[in-house]
Amino acid sequence: MAALGEVGIEEAVPALVEQMKSPNRKVAAAAAKALGETGGAAVVEPLIKSLRRLESDRGSYQLPTGGITNEGQERFNVVGPAATAALEAVTGQKLSSGTEYEDWWKKNQGTFRPFTIEAPRDLSDPGVPGPT
């Protein structure tokens, strides 16, 4: 799945978004990470929606059998950080919640350019021009 993200093609986005819904938390987290690696604007909205859903579903729930489950919190603990890291990687914004990313996206969607970090140059390599 990570290879899909590394390709960086928008054709991979729908499949990765679908995998974020997987009941397997590790699969969902890997899909979020791969979405962040695609680096395209097309991943921002699905990541925000996923993070918002994770935030609203966390907590303990009464089961029909009378027991209690912490599945929502456990899923948030695994998938939430991956979705947040993916949003940070794509947008260059370090925000603290899905709501903050959603508000930021509403304000910046029209002018958004994916965030990229240029790799540092190896100045010890004689083939790399130095500062002028």
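# A tour of helices 4, 5 and 6

Select helix 4 (44-57) and helix 5 (71-91): the crossing of helix 4 and helix 5 is left-handed, a term used if the near helix is turned anticlockwise from the far one by less than a right angle, right-handed being the clockwise case. Helices here are DSSP runs of H or I with at least four residues, strands are runs of E with at least two, and both are numbered from the N terminus.

The model is predicted, so local features need pLDDT of at least 70 and side-chain atom pairs count only at pLDDT 80 or more, while totals for chains, interfaces and linings use all residues. Residues are numbered from 1 along each chain as its sequence is written, and side-chain values use heavy atoms, leaving out hydrogens and water.

**Stop 1: helix 4 against helix 5.** Show the side chains where the two meet. From helix 4, the contact (heavy atoms within 4.5 Å) involves Val44, Leu47, Ile48, Leu51, Leu54, Glu55 and Asp57. Helix 5 contributes residues including Gly72, Phe76, Val79, Ala83, Leu87 and Val90. Two packed helices are described by the angle between their axes and the distance between the axes. For helix 4 and helix 5 the angle is about 155 degrees and the axes are 9 Å apart. Axes are lines fitted to C-alpha atoms, for helices over the stretch in contact, and angles run from 0 to 180 degrees between N-to-C directions. That angle makes helix 4 roughly antiparallel to helix 5, the term for angles over 145 degrees; under 35 counts as roughly parallel, 65 to 115 as roughly perpendicular and the rest as oblique.

**Stop 2: helix 4 against helix 6.** Keep helix 4 and add helix 6 (residues 98-108). This pair packs at about 150 degrees, with axes 8 Å apart. Helix 4 and helix 6 are therefore roughly antiparallel to each other, and their crossing is left-handed. Val44, Glu45, Ile48, Leu51, Arg52 and Glu55 of helix 4 meet Gly98, Thr99, Tyr101, Glu102 and Trp105 of helix 6.

**Stop 3: the two faces of helix 6.** Which residues of helix 6 are buried? Select Gly98, Tyr101, Trp104 and Trp105; buried means under 20% relative accessible area, exposed over 50% and partly exposed in between, with a 1.4 Å probe and protein chains only. They cover an arc of only 125 degrees around the axis, which puts them on the same side of helix 6; the arc is that of the directions from the helix axis to the C-beta atoms. Helix 4 and helix 5 are among what covers them. Now select Lys106 and Lys107, exposed residues on the face turned away from the buried side of helix 6.
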